[in-house]
Amino acid sequence: CNDCAPGELVEPASKGRDSAEALEQVGGGFLAGVQNAAGVVMEALQDDGVSEESDPGAGGHHWFQHKSYVHHSHITVKMVGVFVAIGLIVISILDLFGIARDSADALPFHYVHNIWNLFFGVLMIFMDAPAKWLGKGAVWQTALWQKAPSLGKARGRALVHFYVGVINLAMVNWSPFTLWTIVNLARGGSLVTCSVIMLLNHHTYHCQRRSHVRRNFNGAAAAAKATEALHEFQEEALEVRSYIAKNHCTTRIVSFLAAIALIVISILGMINVLGALFSPFHYVIGIFNFFWAIIIALIDGEASWFAKCGNCRVNLFRWFPVFATLPGRSMLHFYVGSINVVMFPGGIMDYLYIALGTTLMVCSLLMFFHHNYCLDIPKMMKLPGST
């Protein structure tokens, strides 16, 4: 792994291993002293194991590895997700060209969010489509699950659909009420409905999972059914290795302070302290801004600050290893910055949102250039055990 970069995920050499061997390795990684087959199956049928984090390496980076699984939803759920994603892309393109909305009613945030809708639509297709539908693009699906293991599960996919759906519902223009108003309502409503379907599928799946564990947690019988377990629950074992890369000190400080300021401004804006006239759209973005700002603060803050808060920073990197990388953080900062630059709730809040959005976008560019041009990555970092 001499060529591994900070934050880059390493695909295990045992990708083609059979299901029984995958279960054995997953169990052995977390319960080192437990060799019986019952322990193996129990571990594989539970949720993700805890990440293992190494001591800081060169440049203050941490290496960690994580074993997870990918749950393949029922084919009907997959089809609904793909069709909804395609509809999102088509309507967003029509909206961008002024076909699905009167150009006189279009505001800057409509254009920005429609552009991001294209990104989320493609993301949803890769999340929901069966691998055989993607053809050669199936490798991108595997890469997506390795970068963000939570998106390999129904609950993570439901969260993405819900987020995008609520934002699109908030963007609907009610006056004048036209056919395109109904189309735009359908765009957001179908995404929210799809998220509910996925959550129901997730609940049913986990009930079956727990029932299977109770029935088969009996030593030799569990070993005999190890292969059946992964097949029955349509899962694949997933192993993730990543570096938690550190930003430049100045960038971290600016980004962390911007996140704290965004939390404060979002709260003040929603309770109307600064006199801004918030529309339903602004309230929705304000609520999501609060959560995005917390994520940014977790990423750019010191790990020791959050050690006594349920180890939430480690859990964030376990669910979304892409945020442990500088390119992943850069994209997150750029996204949050871009949607805040075009908020324009009115009054002094316009200038505050523009300043915060611009700051986050500048930080994203600094992270991108720092990763690509300032780090001698191959020489700086090596995975443990590499030569």
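# Exercises on a predicted helical chain

Buried residues make up 49% of the 387 residues in the protein chain. The model is a predicted one, and its chain holds 16 helices and three strands. Of the contacts with a separation of 6 or more, 76% are between residues 24 or more positions apart. Let's work through some parts of it together.

## Exercise 1: the span of a helix

Task: Work out what span helix α3 should have, and check it against the model.

Solution.
- Step 1. Helix α3 covers residues 75-96, which is 22 residues.
- Step 2. The expected span is 1.5 Å times one less than the number of residues, so for α3 it comes to 32 Å.
- Step 3. The end C-alpha atoms of α3 are 32 Å apart, which agrees with the expected span.
- Step 4. Now try α11, which also has 22 residues: from its first C-alpha to its last it reaches 32 Å, close to the 32 Å expected.

## Exercise 2: the buried residues of two helices

Task: Find which residues are buried in α3 and in α11, then look at what comes just after each helix.

Solution.
- Step 1. A residue counts as buried when its relative accessible area is under 20%.
- Step 2. In α3 the buried residues include V77, V82, L88, I91 and D95.
- Step 3. In α11 they include R252, F256, A259, L262 and I265.
- Step 4. Just after α3, G98 has a positive phi of about 75°.
- Step 5. Just after α11, N272 has a positive phi of about 60°.

## Exercise 3: three salt bridges

Task: Locate the three salt bridges found in the whole structure, and decide for each partner whether it is buried or partly exposed.

Solution. A general point helps here: side chains of opposite charge can pair when their charged atoms come close.
- Step 1. D95 pairs with R187, with 3.4 Å between the closest N and O atoms. This pair links distant parts of the chain, since D95 is in helix α3 and R187 is in helix α8 (residues 179-216), 92 residues apart.
- Step 2. D95 counts as buried because its relative accessibility is 5%. R187 counts as buried too, at 3%.
- Step 3. R157 pairs with D128, and here the closest N and O atoms are 3.8 Å apart. R157 belongs to helix α7 and D128 to helix α4, with their positions 29 residues apart. Both partners are buried.
- Step 4. E302 and R252 form a salt bridge at 3.3 Å, N to O. E302 is in the loop between α12 (280-300) and α13 (312-319), whereas R252 is in helix α11 (residues 249-270), 50 residues apart.
- Step 5. R252 counts as buried because its relative accessibility is 11%, but E302 is partly exposed at 32%.

## Exercise 4: an enclosed space

Task: Describe the second largest cavity by its volume, its lining residues and their character.

Solution. Rolling a probe the size of a water molecule over the atoms shows where empty space is left.
- Step 1. Searching the whole structure gives three cavities of 30 Å³ or more.
- Step 2. The second largest holds about 50 Å³ of space.
- Step 3. Its lining is made up of H113, W116, N117, F120, Y163, V164, I167, N168 and Y335. The elements giving two or more residues to this lining are α4 (108-128) and α7 (154-170).
- Step 4. Sorted by character, the lining has six nonpolar residues, three polar and no charged.

## Exercise 5: a residue with positive phi

Task: Find where F344 lies, and say what sets its phi apart.

Solution.
- Step 1. F344 is in the loop between α14 (326-341) and α15 (348-374).
- Step 2. Most residues other than glycine have a negative phi.
- Step 3. F344 has a phi near 50°, a positive value in a residue other than glycine.
- Step 4. F344 is partly exposed, because its relative accessible area is 38%.

## Exercise 6: the surroundings of I295

Task: Which residues does I295 touch, not counting those up to four places away in sequence?

Solution.
- Step 1. I295 lies in helix α12.
- Step 2. With those sequence neighbours left out, I295 touches L316, F323 and L332.
- Step 3. For another reference point, take A259: I295 and A259 are 36 residues apart in sequence and 8.5 Å apart in space, C-alpha to C-alpha. A259 is among the buried residues of α11.

Note on methods. Residues are numbered from 1 along each chain as its sequence is written. This is a predicted model: local features need pLDDT of at least 70, side-chain atom pairs count only at pLDDT 80 or more; totals for chains, interfaces and linings use all residues. Side-chain values use heavy atoms; hydrogens and water are left out. Helices (H or I, at least four residues) and strands (E, at least two) are DSSP runs, numbered from the N terminus. Buried means under 20% relative accessible area, exposed over 50%, partly exposed in between (1.4 Å probe, protein chains only). On a 1 Å grid over the protein atoms alone, a cavity is a set of points where a 1.4 Å probe fits but cannot get out, and a pocket is an open set with protein on both sides within 12 Å along at least five of seven lines; lining residues have an atom within 4 Å of a point. Grid points are joined across faces, edges and corners, and a volume is the space filled by probe spheres set on the points. Ala, Val, Leu, Ile, Met, Phe, Trp, Tyr, Cys and Pro count as nonpolar, Asp, Glu, Lys and Arg as charged, and the others, Gly among them, as polar. A salt bridge is a side-chain nitrogen of Lys or Arg within 4 Å of a carboxyl oxygen of Asp or Glu. Contact means heavy atoms within 4.5 Å.
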